[in-house]
Amino acid sequence: MTQLAQVAPADTDRSAEIAALNDAARAGSLVTSKTVFTRALADILAGEDPDPGTRQFNLMMGQRALRRLINETPIDPGNDPHGERDFGVVEHLGHKIFWKVDVYANDGTFAWGSEVPWNAQQSFRVVTVMLASDW
């Protein structure tokens with residue numbers, strides 16, 4: 001049985017559906033998503049303690065605090081021209097932090113963008129959290 005991609009007519013606005021999925025991915029509640037932190041940001045969150053266990057704990061707590069901040073901070077309309085809530089900026093520990101959501105075809109390769117980003121089963125989201133300088 002051949003499965004055809006669900007392509008929306010050109011006049012169908014799916015931005016609200018995409019935004020809801022992006023919100024769930026940012027919150028960590030969407031099964032078909034993952035969040036990644038850049039190395040430079042992870043190093044700052046981990047701190048400089050000589051004990052690896054302490055650095056790991058600091059990293060986990062920092063990621064948790066940053067995720068909460070990202071989810072609680074309103075998205076500037078200037079950063080959201082299509083209403084999909086896929087990019088934002090926050091300040092944390094004196095650093096400007098960017099986050100963005102990329103939507104891929106859910107085929108495990110991350111090679112192609114999703115043709116149906118409003119479909120949670122056929123798309124996979126990667127939320128990247130980074131220092132502004134990582135951009």
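Q: What makes S1 and strand S4 (residues 123-131) a pair?
A: Two strands pair if DSSP finds at least two bridges between them. S1 and S4 share five bridges in the parallel sense, so they pass that test. One example is Val36, whose bridge partner in S4 is Thr128. Keep in mind that this is a predicted model, where local features need pLDDT of at least 70, side-chain atom pairs count only at pLDDT 80 or more, and totals for chains, interfaces and linings use all residues. Residues are numbered from 1 along each chain as its sequence is written, and side-chain values use heavy atoms, without hydrogens and water.

Q: How do you know how many helices and strands the protein chain has?
A: Both are DSSP runs numbered from the N terminus: helices are H or I over at least four residues, strands E over at least two. By that rule the protein chain has three helices and four strands, in the order α-β-α-α-β-β-β from the N terminus on.

Q: Which other strands pair, and in which sense?
A: S2 and S3 are antiparallel with six bridges, and Phe87 has Lys100 in S3 as its bridge partner. S3 and S4 are also antiparallel, joined by nine bridges; there, Asp102 is matched with Val126 of S4. S2 and S3 form a hairpin with two residues between them, and Leu93 in the turn has a positive phi of about 55 degrees.

Q: Why is one side of S1 and one side of S2 left without a neighbour in the sheet?
A: The four strands make an open sheet in the order S1-S4-S3-S2, with mixed pairing. Strands S1 (33-37) and S2 (87-92) stand at its edges with a single partner strand each, so each has one side without a neighbour. On average, neighbouring strands are turned by 20 degrees against each other, direction ignored.

Q: How do you know that helix H1 (residues 15-27) packs on the sheet?
A: Contact means heavy atoms within 4.5 Å, and H1 touches S1, strand S3 (95-105) and S4. The direction of H1 makes about 55 degrees with that of S4. Such angles run from 0 to 180 degrees between N-to-C directions of lines fitted to C-alpha atoms, for helices over the stretch in contact. Helix H2 (residues 39-46) lies across S1, S2, S3 and S4, at about 60 degrees to S4.

Q: How does the reach of H1 compare with the span expected?
A: The expected span is 1.5 Å times one less than the number of residues. H1 has 13 residues and reaches 18 Å from first to last C-alpha, close to the expected 18 Å. After H1 comes Gly28, with a positive phi near 85 degrees.

Q: Which residues of H1 are called buried?
A: Buried means under 20% relative accessible area (1.4 Å probe, protein chains only), exposed over 50%, and partly exposed in between. Ser15, Ile18, Ala19, Leu21, Asn22, Ala24, Ala25 and Arg26 are buried. The buried residues of H1 pack against S1, helix H3 (52-72), S3 and S4. Across the protein chain, 35% of the 135 residues count as buried.

Q: What makes a space a cavity, and how many of 30 Å³ or more are there?
A: A cavity is a set of points on a 1 Å grid over the protein atoms alone where a 1.4 Å probe fits but cannot get out; lining residues have an atom within 4 Å of a point. The structure holds one of 30 Å³ or more, and the largest cavity has about 40 Å³ of space. Its lining includes Arg26, Thr35, Leu66 and Val127. H3 gives the most, with three residues.

Note on methods. On a 1 Å grid over the protein atoms alone, a cavity is a set of points where a 1.4 Å probe fits but cannot get out, and a pocket is an open set with protein on both sides within 12 Å along at least five of seven lines; lining residues have an atom within 4 Å of a point. Grid points are joined across faces, edges and corners, and a volume is the space filled by probe spheres set on the points.
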